[in-house]
Amino acid sequence: MITLDNVTLCYRDRPAVHHLSGQFAPGSLTAIVGPNGAGKSTLLGGLMGRIAPSTGRIGLPAGLAGRIAYLPQQADIDRSFPVSVLDVVMLGHWGRLGAWRAGGAAHRTQALEALAAVGLAGVERRAIGELSAGQFQRVLFARLLLQDAPVLLLDEPFNAIDERTTADLLTLLHRWHAEGRTVVAVLHDLAQVRAHFPHTLLLAREPIAWGATTEVLQPQHLQRARLQAEHWEAQAPWCEAPGSAAALPGPRIAA
C-alpha cells in the first residue's frame, strides 16, 4: 500500500499538489487525470521520492524504496544524444548493477529479449534519434521490462504515438497488472481511461475525486476540475490545512 496523508507538493516553490490524501492499493491500476498544470507529473515526482512533500507524508511499504520504475514524458528526453537503442534498454539493469559495473552477456540477452517483446527485434544498434516517437516509446517500455519493478509510474505513456503502438503497450500494461504490479499512469484520453483503468484520481492541484473510474469521471467532477483550472492564481496565498491550524501554501480560487 502506498499512502498519502495530507500531502502538499511544490513545483518551483509554488504548490502544485494540495492536501492530497488517499492510497494506491497493491496491484492496482490507476489513471491520474486533470487539466494541464493540475500537478499530475509533480505527484509522480513525489511518489518517486524526487520531490519531498512540503506538508504531509507519503508512506511506502518496507523494501519498496528504490524499486519503483518511472517512465518520463518523451519531451523530457534529449534524443539527440548519440546513444544506441540497446544502451538505453540496458539502463534497466542499473538498479542491480550500479553505476560502474558493465552488463555481461546474460544482461545483453535479456535486453534483446525485452526489445523483441515490444516488437523491436533487430533495431538494437540504431541510434535513438533515428526512431519514430512510437518506436522510441517501445524502447522505454523495454527498459521498464528489465527493471522488473513492483510499482510502475508512467507519465503520459501514450502521448503522440500511433494506435498500433498504443494497443501493443496497453497489452503490456495489462500484463503487468495481471502479475500483481501496481501501475499508476498520467493520461489525457478519458475514453482510454474508461476502457482500461479501473481506478482514477482526478486532480486539479487539489483532489477532485479518487476511486472507481465510473464514479470519478462523472460530469459534475469534470466540470469542477475545469472551473478550478480557469481560476488558478500563479501567486497563491497561504492557507490552512483541512483539520489543522497550521498555515500551508496552496492554490486559491479567485472570487
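What share of the 255 residues of the chain count as buried? The notes below start there and then walk through the sheets, the helices and a few residues.

1. **The chain as a whole.** Please keep in mind that this is a predicted model. Of the chain's 255 residues, 47% count as buried. The secondary structure comes to nine helices and eleven strands. Among contacts in the chain with a separation of 6 or more, 67% are between residues 24 or more positions apart. The accessible surface is about 12600 Å², and carbon and sulfur atoms hold 52% of that.

2. **The six-stranded sheet.** A good place to begin looking is the open sheet of six strands, ordered 5-6-7-3-8-9 with mixed pairing. Strand 5 (68-71) and strand 9 (206-212) are its edge strands, each pairing on one side only. From one strand to the next, the twist averages 15°.

3. **Strand 7 and its neighbours.** Within that order, strand 7 sits between strand 6 and strand 3. Strand 6 (residues 151-155) runs parallel to strand 7, and five bridges join them; here valine 151 has threonine 182 as its bridge partner. To get from strand 6 to strand 7, the chain passes through helix 6 (residues 163-178), making a right-handed β-α-β crossover. On the other side, strand 3 (residues 29-33) pairs with strand 7 in the parallel sense over four bridges, with threonine 30 opposite valine 184.

4. **How covered is strand 7?** Strand 7 (residues 182-186) is mostly covered, with five of its five residues buried. In a regular strand, side chains alternate between the two faces of the sheet. In strand 7, Thr182, Val184 and Val186 point one way, while Val183 and Ala185 point the other way, and all are buried.

5. **The antiparallel end.** Strand 8 (residues 199-204) and strand 9 pair in the antiparallel sense over six bridges. One point to look for is threonine 200, which stands opposite glycine 211 in strand 9.

6. **The three-stranded sheet.** There is also an open sheet of three strands in the order 2-1-4, with antiparallel pairing. Strand 2 (14-24) and strand 4 (55-59) stand at the edges with a single partner strand each, so one side of each has no neighbour in the sheet. The twist in this sheet averages 30° from one strand to the next. Strand 1 (residues 2-11) and strand 2 run antiparallel and are joined by seven bridges; cysteine 10 has proline 15 in strand 2 as its bridge partner.

7. **Helices on the sheets.** Which strands does helix 1 lie across in the three-stranded sheet? Helix 1 (residues 40-48) lies across strand 1, strand 2 and strand 4, at about 120° to strand 1. Helix 6, for its part, lies across strand 3, strand 6 and strand 7 and runs at about 130° to strand 3.

8. **A tilted aromatic pair.** The count of aromatic pairs comes to two. In one of them, phenylalanine 24 and tryptophan 210 have ring centres 4.9 Å apart and planes at 55°, so the pair is tilted. Phenylalanine 24 belongs to strand 2 and tryptophan 210 to strand 9, so the pair ties together parts that are 186 residues apart in sequence. Are the two residues buried or partly exposed? Phenylalanine 24 is buried, at 2% relative accessible area, whereas tryptophan 210 is partly exposed, at 25%.

9. **A stacked aromatic pair.** The rings of phenylalanine 141 and tryptophan 176 have centres 5.7 Å apart and planes at 10°, so this pair is stacked. Phenylalanine 141 is in helix 5 and tryptophan 176 in helix 6, and the pair links distant parts of the chain, 35 residues apart. Both phenylalanine 141 and tryptophan 176 are buried.

10. **One residue to click on.** Alanine 133 lies in helix 5 (residues 133-147) and is partly exposed, with a relative accessible area of 29%. Leaving aside residues up to four places away in sequence, alanine 133 touches Gln74, Arg79, Ala160 and Ile161. The C-alpha atoms of alanine 133 and threonine 165 are separated by 9.7 Å, with the two residues 32 residues apart along the chain.

Key
Residues are numbered from 1 along each chain as its sequence is written. This is a predicted model: local features need pLDDT of at least 70, side-chain atom pairs count only at pLDDT 80 or more; totals for chains, interfaces and linings use all residues. Side-chain values use heavy atoms; hydrogens and water are left out. Buried means under 20% relative accessible area, exposed over 50%, partly exposed in between (1.4 Å probe, protein chains only). Helices (H or I, at least four residues) and strands (E, at least two) are DSSP runs, numbered from the N terminus. Two strands pair if DSSP finds at least two bridges between them. A crossover is right-handed if, with the strands pointing away from the viewer, the path from the first strand over the helix to the second runs clockwise. Axes are lines fitted to C-alpha atoms, for helices over the stretch in contact, and angles run from 0 to 180 degrees between N-to-C directions. Contact means heavy atoms within 4.5 Å. Accessible areas come from the Shrake-Rupley method with a 1.4 Å probe; for residues, only the protein chains shown count as cover. Rings of Phe, Tyr and Trp (its six-membered ring) pair if their centres lie within 6.5 Å; planes under 30 degrees apart count as stacked, over 60 as edge-to-face and the rest as tilted.
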